[in-house]
Amino acid sequence: SLIFGKIGDLVGRVVSVKISTVIAATSTCLVAIAPGFNSVGLFAVIIITLLRMLFLMSLAGEIDAIKIYVAEMIGKKRRHLVIGIVSFASQIGVLIATVAYHIAISYEDIEWLWRLNFAIGGLLGLVVIVLRKRLLESEEFLNSKSKAASESNVGISKIIGANKVKFILATIINGMLGGGYHFLIIFFGSFVANVADIID
């Protein structure tokens with residue numbers, strides 16, 4: 001988010017979104033064709049880990065950049081509603097991916113089926129790249145670009161120092177939301193299964 005935030009402020013929101021989309025689509029496609037443990041051993045784990053890191057880096061930058069872009073394009077009156085719709089659409093994507101994952105692990109005898117999910121995800125990412133070619137910078141960004149350029153030399157520590165209370169509150173709130181989200185989405189199933197004495 002810091003990397004793509006800097007790109008978004010200096011070069012443009014659209015550029016930031018396009019770069020992050022290309023990285024996400026490329027890393028997803030590469031996971032689909034990455035060599036397995038049987039062929040390259042531990043190197044396969046390193047490849048998958050690096051691709052996953054690239055994907056998550058681009059995803060973090062893209063989520064923030066697209067919300068800022070949409071908020072600037074829609075104007076102040078409907079800003080929160082539209083950001084909510086973007087978050088909702090993101091969660092629908094998570095739901096679809098979860099269903100695809102469930103289907104893939106239901107057929108354990110087809111070893112390559114999990115790769116199909118990543119191939120489909122990568123192809124959808126390529127479609128998004130094509131669609132995002134039509135994006136134009138918002139007037140709000142274009143009007144503030146000269147101001148952003150003059151403030152670009154300000155370091156992150158100075159920004160945090162000038163906004164200490166806001167930074168602490170945002171960190172606490174975002175940490176609580178992130179923790180709650182990850183618990184409910186990622187760990188809740190294992191937690192329930194453990195409580196229900198289904199698994200150790």
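Contact here means heavy atoms within 4.5 Å. By that criterion, and leaving out residues up to four places away in sequence, L51 touches S27, L30 and V31. The model examined in this report is a predicted one.

## Overall architecture

The chain contains nine helices and zero strands. Read from the N terminus, its elements therefore follow the order α-α-α-α-α-α-α-α-α. The C-alpha trace spans about 60 × 40 × 35 Å along its principal axes. Of the 200 residues, 21% count as buried. Among contacts with a sequence separation of 6 or more, 70% are accounted for by residues 24 or more positions apart.

## Helix α2 and its two partners

Two packed helices are described by the angle between their axes and the distance between the axes. Helix α2 covers residues 13-33, and its packing against α4 and against α6 is set out below.

| Helix pair | Angle between axes | Distance between axes |
|---|---|---|
| α2 and α4 | about 150 degrees | 8 Å |
| α2 and α6 | about 155 degrees | 8 Å |

With an angle of about 150 degrees between α2 and α4, the former is roughly antiparallel to the latter, because angles over 145 degrees count as such. The crossing of α2 and α4 is left-handed. On the α2 side, the residues that meet α4 include R13, V17, S20, A24, S27, L30 and V31. On the α4 side, the residues involved include I48, L51, L54, F55, I66, Y69 and E72.

The angle between α2 and α6 is about 155 degrees, which makes α2 roughly antiparallel to α6. The crossing of α2 and α6 is left-handed. From α2, the participants include T21, V22, A25, T28, C29 and I33. From α6, they include W114, R115, F118, A119, G122, L126 and I129.

T21, T28 and V31 of α2 appear among the residues that meet α4, and T21, T28 and V31 also appear among those that meet α6.

## Residues at the α2–α4 interface

S27 is found in helix α2. S27 counts as buried because its relative accessibility is 2%, below the 20% cut-off. Its side chain reaches the backbone oxygen of A24 at 3.1 Å. Not counting residues up to four places away in sequence, S27 touches L51, L54 and F55.

L51 lies in helix α4. With a relative accessible area of 9%, L51 is buried. Its C-alpha atom is 20 Å from that of D64, a residue 13 positions away in sequence.

E72 also lies in helix α4, which comprises residues 42-74. At 12% relative accessibility, E72 counts as buried. The side chain of E72 makes a polar contact with the side chain of R13, at 2.6 Å. Setting aside neighbours within four places in sequence, E72 is in contact with R13, R79, S138, E140 and F141. Both R13 in α2 and E72 in α4 are listed where these two helices meet.

## The aromatic pair in helix α6

How many aromatic pairs does a search of the whole structure find? The search finds one. The pair consists of W114 and F118, whose ring centres are 5.8 Å apart and whose planes stand at 80 degrees, so the arrangement is edge-to-face. The cut-off behind this assignment is an angle over 60 degrees between the planes.

Both residues lie in helix α6 (residues 113-131), and they are four residues apart, about one turn of the helix. W114 counts as partly exposed, at 34% relative accessibility. F118 is likewise partly exposed, with a relative accessible area of 33%. W114 and F118 are also among the α6 residues that meet α2.

## An exposed residue in helix α5

Is H80 buried or exposed? H80 is exposed, because its relative accessible area is 71%, and the cut-off for that class is over 50%. H80 is found in helix α5, residues 79-106. The C-alpha atoms of H80 and K67 are separated by 9.7 Å, the two residues being 13 apart along the chain.

How values were computed. Residues are numbered from 1 along each chain as its sequence is written. Side-chain values use heavy atoms; hydrogens and water are left out. Rings of Phe, Tyr and Trp (its six-membered ring) pair if their centres lie within 6.5 Å; planes under 30 degrees apart count as stacked, over 60 as edge-to-face and the rest as tilted. Buried means under 20% relative accessible area, exposed over 50%, partly exposed in between (1.4 Å probe, protein chains only). A polar contact is a pair of N or O atoms within 3.5 Å; within protein, one must be able to donate a hydrogen and the other to accept it, and residues adjacent in sequence count only if both atoms are side-chain atoms. Axes are lines fitted to C-alpha atoms, for helices over the stretch in contact, and angles run from 0 to 180 degrees between N-to-C directions. Angles under 35 degrees count as roughly parallel, over 145 as roughly antiparallel, 65 to 115 as roughly perpendicular and the rest as oblique. A crossing is left-handed if the near helix is turned anticlockwise from the far one by less than a right angle, and right-handed if clockwise.
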